[in-house]
Amino acid sequence: MRWFRRWAVDVELVGVALALSAFGIAMIFSAGVLNVPSPVTQGAWLRQLAWLAISLLAFTAVVQVKPAWIEWVAVPVFLVAVVLLGLTLAIGTGAGTAEGVEGWIEVGPLRFQPSEVAKIAAILGLARLLSARDEPPASLRDLLAPSALIAVPLGLVVLQPDLGTALAFVGLLFAALYWAGTPPLLLFLLASPGVALVLSFDTRIWSAYFIALVGFLYIYRYRLYLAESMTVVLGNLAAGTIALPLWNSLAEYQRNRLLVFLDPALDPRGAGWNLIQSKVAIGSGGLLGKGFTQGTQKRLDFLPEQHTDFIFSVVGEELGFLGVLGAIVLFWLLLFRLVRLAERSRDPFAGLVLFGIFGTWFVHIFVNVGMTVGLVPITGIPLPFVSYGGTFLLSCWTMTGLAVRLAGET
Amino acid sequence: MKIPQLVVRRGRARTAAVVLAVMMGVLSVAFFRAQVVRGTAWALQSESNRLRVLPIPAPRGTIFDRYGKVIADNVPSYSVSLFPAPTDSLRASLRRLQPLLGLEDGFVEQLLEQARTDRRQPLLVVGDAEYEDVATLEELRAEFPDVFLEMRPKRRYTAGPALGHTLGYVGEISQDELELPTFEGYEQRMVIGKDGLERQYEGSLQGMQGVRYIEVDAVGRVVGSFEGQAAAPALPGRDLQLNVDLDLVRYIHEIFPEDRRGAVVALNVADGGVLALYSAPSFDPNDFVGGIDRGLWEQLNRDPTRPLFNRAVVGRYPPASTWKVAAAAIALKMGVLEPGEVMPAPCTGSFRYGNDVRRCWYPAGHGHQDLAGALAHSCNVYFYQVGVRIGLDNLVREGSRLGFAEPCGVDLPVESTGVFPATLGFWEDRYGFPPTENEVLSLAIGQGPNDQTPLKMAQFYVALARDGTAPAPRLAVSRAAEPPGPDWSLDLNGEDLEAIREGLRQVTAPGGTAFLSTLEHWDLIGKTGTAQQGLGEEPAHAWFVGLAGAWGGRPEIVVAVIIEEGVSGSAAAAPIAAKAADFHLRRKYGIPTDTIQTLREHYQLGVPAPWAGRGRRETE
């Protein structure tokens, strides 16, 4: 029974995770109820159920591991993950609804996504790096090492190209840095080249932003080294300059996704299709929804990737606003619990891992749910615990295990 | 790293919790806006996403003849359509359909071109597929998910070419027609009456299209019919009852000489209803149903005999001697002629008027004639003098009053107006100089500027058969409580009318021009005519307008026959009129129709006709 006490050490987090997993399997089942059944979605819920069993086994295993081992294993895991990511670029294959992303490695009958391993590895590695410091990062130079650590797997994932997972790395970096006590001003300056990149689609907006940034740096000059200010200015300038070549280097479908985010009517049958149909599905669900398995948009195959990335559209169509609200509350409970656990944890490594997981899931949830209503551009990013996908479910439950185990060690 | 103080952790956690709450709030608000605030609009779009509206064609009203026989009805036909899809998948579907339906390569390309121009409509592949093909497709349904089979009513004309001109035909509405105010509320692909009665009574024959909803998925596959929203059934068009005698028209088509052009009009004396309207050569309206073959269409249009031309209603011919009756009627009405009176100048084969010498068709001359004799022999000299007595002014005025410059008012979309001088200004307009008084000589014998349709001449003779009035000839039985009143009146008393009929009776008496066309069972009277064309070098058109009815009774049917280049009214036109009248009356009175009809046929077959000359006095 020892294992069970460990297992149930945080009933709230595990309970919410179980509830979300069950909810996900139900929605995957519904996504398979089509008028013209498809072999891809039919029976997917059974496979997901099997994966849940495997995931729970993994979770049980993880909660047995001593926290010290976890800390120790962080570095080797990180190195293995980087090697795997590199390997993926060489021999990776596409799969399922994400044919375009070569992010899978096949070993005999097994097929898994190294980027999921890399996420865990990055969380652990970053926590290890930051927890080794005596003081919170106080200058941009202090942020150099953690950023570089994350930049390696992030870069490799971008090359796959899997922008969604790349965003998750950014999320976990910022969350962990924040928990490590990095001043928000520094975090902003770290993010500023990214902001510049986004704003550079319009030269005037970018110019205004750039002038404001320089002014800001001048006002806060006494809190920064000159070299840092210069780096920030140069970084923003570079971001604005490389925006156009970067844009041109994007694959066409990626460019179209960004364009239709601004105006879905641009290509209603092509790149805009997903967003339009998802919005129609969610909107037509109304307050109460069309009923479980009854969504017509889904049933008639108007919804794309309805058991993976767009599963939340099915939730919106069939369960309505109340169902959506229920799901959002569950996700909120999940994330809020992570924050509470970090708050209680006196071990810096534990707190950093918890916040790394928080950052990863937060990005996944916000971007995935947000893209179904057109709040953020469409990115191929799954919904934790809910979307169909074995490796991803396994990784979510492994993270849960880590969170529970580390948080319990106080 | 030093363990952060609980206070520090609490502060950081609080900020993180606030950020988390704000972001979750943003998501909730976004969904609230999409689902609750804008929900209805999206719900509508979701419906239109998956529901396709399909019209259910309404069956056209059935057309019956006067005895309730079906002239035009509907039979089921099956159309094969493809649901809207990208051109590539349409092409693939068509390729697979090609061997099944026997489509040609060129036709497939044509269909694809059509699909490109109108992407949202289903693509009609075959409008009228063979039943076997449809059955095969139905069986292979799973293999052709985007094929859509539809039952549409198809028009069938039981009389074929016999009633082609009268019925007209139906066809799919054209783009130009859709823009006409007449066709407001019509939709693409609807079948409309294009000509003849189908066009005339389009409004009531059409009915109301029904509506059906079908559910389709994202790639346009039909998932089933949608029951949630009320589908409206089609309302069939109203039936149309005609005055036409279907068997009579068929009979006329049968006896009309095959290589001849011309027309036959039969009117019912009692109400002016059209018993038969026939124009030769004709066309089969069934060929037009579901789209006419282009080759046949060009052939019909290029044919020098003009099969699409309705000679009975649109064709205009000089009425010639058949119009002498009109001259007589005008003279009698004016009181310038007594029926028993003999004209002062005897017929010597010619007639001098001023410096103008006019000939009679019979060079030896007819001698002294009264009205009856003059009609019997169709003596020109007698009618020259009638014309002089009437005077040009009066002839023009009275002729116009009798409607010779107006249409009859038949219920068809197109009818020719007769050519007749309505005023003396007619000559001024047409030839640039005023008429001389001797124009009256030509007009009095049915020549000069006088061209009439066979229908008009028949209508005029209906007035003679009645009390001097003639209603508009109607094809359809009027739905109004009372039949339309007479259009005009000859203004003649019974004696004068009888005098004219007596003249017509002499035409079929022994020695009269149409004696050989007399009938055993019926009293046939009438007038022959021979209308010269142009300078008289081409063969003349042959006329006969006859009245027939039971012996001792009123005439019941009027038949007008014209045979282009038939040369002789008595030999070519009169037998057809006589046989048509005989056929109609025999069936009306229950006499078998399979026996010999005219006196001519008796003589040809050597069967004695003891009834010959019954009720007639020998003309001198």
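A residue counts as buried if 20 or more other C-beta atoms lie within 10 Å of its own, with C-beta atoms placed from the backbone. The model used in these exercises is predicted.

**Exercise 1. Describe chain A by its elements, burial and contacts.**

Step 1. Take the elements. Chain A has 16 helices and two strands.

Step 2. Apply the burial cut-off. Of the 410 residues of chain A, 52% count as buried.

Step 3. Turn to contacts with a separation of 6 or more. In chain A, 71% of these join residues 24 or more positions apart.

**Exercise 2. Which element gives the most to the side of chain A that touches chain B?**

Step 1. Count both sides. Chain A brings 41 residues to the contact and chain B brings 35 residues.

Step 2. List the elements of chain A that give two or more residues. They are α5 (114-131), α12 (271-285), α13 (296-299), α14 (311-344) and α15 (348-372).

Step 3. Pick the top contributor. It is α14(A), with twelve residues.

Step 4. Sort this side of chain A by class. It has 23 nonpolar, twelve polar and six charged residues.

**Exercise 3. Lay out the open sheet of chain B and place a helix on it.**

Step 1. Write the strand order. Five strands run β12-β11-β19-β18-β17 in chain B, with antiparallel pairing.

Step 2. Find the edges. β12 and β17 (522-531) of chain B each pair on one side only.

Step 3. Add the twist. From one strand to the next it averages 10°.

Step 4. Place the helix. α19 (residues 494-507) of chain B lies across β17 and β18 (541-550) of chain B, at about 80° to β17(B).

**Exercise 4. Why is strand β11 of chain B largely enclosed by the rest of the structure?**

Step 1. Start with the neighbour β12 (residues 274-280) of chain B. β11(B) pairs with β12(B) in the antiparallel sense over six bridges. Ala263(B) has Ser279(B) as its bridge partner there, and Val265(B) has Leu277(B).

Step 2. Inspect the hairpin of these two strands. Five residues lie between the strands, and Gly272(B) takes a positive phi near 75°.

Step 3. Go to the other neighbour, β19 (residues 557-563) of chain B. Seven bridges join it to β11(B), again antiparallel. Val265(B) stands opposite Ala560(B) in β19(B).

Step 4. Recall the rule for faces. Side chains in a regular strand alternate between the two faces of the sheet.

Step 5. Assign the faces. Gly262(B), Val264(B), Ala266(B) and Asn268(B) point one way from β11(B), while Ala263(B), Val265(B) and Leu267(B) point the other way, and all are buried.

Step 6. Conclude. Seven of the seven residues of β11(B) (residues 262-268) are buried, so the strand is largely enclosed by the rest of the structure.

How values were computed:
Residues are numbered from 1 along each chain as its sequence is written. Chains are lettered from A and ligands numbered from 1 in the order in which they are written. This is a predicted model: local features need pLDDT of at least 70, side-chain atom pairs count only at pLDDT 80 or more; totals for chains, interfaces and linings use all residues. A residue is buried if 20 or more other C-beta atoms lie within 10 Å of its own, exposed if 12 or fewer, and partly exposed in between; C-beta atoms are placed from the backbone. Helices (H or I, at least four residues) and strands (E, at least two) are DSSP runs, numbered from the N terminus. Two strands pair if DSSP finds at least two bridges between them. Two residues are in contact if their C-beta atoms, placed from the backbone, lie within 7 Å. Ala, Val, Leu, Ile, Met, Phe, Trp, Tyr, Cys and Pro count as nonpolar, Asp, Glu, Lys and Arg as charged, and the others, Gly among them, as polar. Axes are lines fitted to C-alpha atoms, for helices over the stretch in contact, and angles run from 0 to 180 degrees between N-to-C directions.
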